[in-house]
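Hello,

Here is the structure I promised to pass on to you. Have a look at it first, and then read on for my notes.

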Amino acid sequence: MNATCQCGQLSVLLPEMTAAVVACHCRCCQKRTGSPFGVLAYYPSALLKITGVAVKYERAADSGGVFETYFCATCGSTVYARAAKHPTMLGVAIGAITEAAFPAPIRSVWEESRHHWVTIPEPAEHFSHGRP
Ligand SMILES: [Zn+2]
Ligand SMILES: [Zn+2]
């Protein structure tokens, strides 16, 4: 299974599907994705094989560290990201994985800025801010 950008230059080989899927409605993820919320599937980075060249963008995370977004300089797609509080994990953009059967989010965070029509189905855990 692969996650790829729009043009195909940057890709990530995934070992399998994972249940560690998190939806984030924070304003930064809204701007990062251009959609009302971001969804990342988290894997230990050692299990992933990255091919191509990624550009890194860092922003301050609410947890105090940085949140790194990795995107393709040619087509602009974010393919993966890393949160400072989970440095050994990479979050792979669900939209970059062409697998509609991927599991639904187990967690929905920053719901205080969730668009009113977006519903993350049960039994996901819901948090108004980040996970405590
Ligand atoms: Zn690309
Ligand atoms: Zn977010």
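How do strand β4 and strand β9 pair, and over how many bridges? The two strands, residues 38-44 for β4 and residues 89-93 for β9, run in the antiparallel sense and share 5 bridges. Please keep in mind as you read that this is a predicted model.

I started with that pair since much of what follows touches it. Three of the residues in β4 can be placed against their partners. L40 stands opposite A93 in β9, Y42 has G91 of β9 as its bridge partner, and Y43 is bridged to L90 of the same β9. Both strands are well covered. In β4, 6 of the 7 residues are buried, so the strand is largely enclosed by the rest of the structure. In β9, 4 of the 5 residues are buried, which leaves that strand mostly covered.

Now the wider setting. The protein chain holds 1 helix and 11 strands, and from the N terminus its elements follow the order β-β-β-α-β-β-β-β-β-β-β-β. Its radius of gyration is 14 Å, close to the 14 Å that the globule rule gives for 132 residues, so the chain is as compact as a globular protein of that length. The C-alpha trace spans about 35 × 30 × 25 Å along its principal axes. Of the 132 residues, 33% count as buried. If you take the contacts with a separation of 6 or more, 51% of them join residues 24 or more positions apart.

The strands β4 and β9 sit in an open sheet of 8 strands, ordered β6-β7-β8-β9-β4-β3-β10-β11, and the pairing in this sheet is mixed. Its edge strands are β6 (55-60) and β11 (125-126), each of which pairs on one side only.

On one side of β4 in that order comes β9, and on the other comes β3. The strands β3 and β4 run antiparallel and are joined by 4 bridges. Here V22 stands opposite L40 of β4, so to speak handing us back to the residue that faces A93 in β9.On the far side of β9 from β4, the order continues with β8. The strands β8 and β9 form a hairpin with 5 residues between them, and they pair in the antiparallel sense over 2 bridges. Y80 stands opposite V92 in β9.

Which residues touch the most other members of the largest nonpolar core? This core has 32 residues, and those with the most such neighbours are C24, L40, V79, Y80, V92 and A93. At least two core residues come from each of β3 (21-24), β4, β7 (66-71), β8 (78-83) and β9. The largest share is that of β4, with 5 residues. As background, nonpolar side chains in soluble globular proteins tend to be buried together.

Y80 deserves a look of its own in the viewer. Apart from its neighbours within four places in sequence, Y80 is in contact with V12, Y70, L90, G91, V92 and A93. Two of these, V92 and A93, are also among the core residues that touch the most other members.

Strand β8 also contains R82. Is R82 buried or exposed? It counts as buried, because 22 C-beta neighbours lie inside 10 Å, and the cut-off for buried is 20 or more. Outside its neighbours within four places in sequence, the contacts of R82 are with E68, P87, L90 and G91. Of these, L90 and G91 are also contacts of Y80. For a sense of distance, the C-alpha atoms of R82 and Q9 are 20 Å from each other, with their positions 73 residues apart along the chain.

Finally, there is another open sheet. It has 3 strands in the order β1-β2-β5, with antiparallel pairing. The edge strands are β1 (2-4) and β5 (49-51), each pairing on one side only, and the twist averages 15 degrees from one strand to the next. Strand β2 (residues 11-13) and β5 run antiparallel with 3 bridges joining them, and L13 has K49 of β5 as its bridge partner.

If you open the model with one thing in mind, I would begin at L40: it is opposite V22 and A93, and it is one of the residues that touch the most other members of the largest nonpolar core.

Happy browsing, and best wishes

Note on methods. Residues numbered from 1 in each chain as written. Chains lettered and ligands numbered in written order. Predicted model: local features only at pLDDT ≥ 70, side-chain atom pairs only at ≥ 80, totals over all residues. Pairing = 2+ DSSP bridges. Core = buried A, V, L, I, M, F, W, Y, C linked by C-beta atoms within 7 Å. Buried ≥ 20, exposed ≤ 12 C-beta atoms within 10 Å, placed from the backbone. Contact = placed C-beta atoms within 7 Å. Rg over C-alpha atoms; globule rule 2.2 N^0.38 Å. Axes fitted to C-alpha atoms, helices over the stretch in contact; angles between N-to-C directions.
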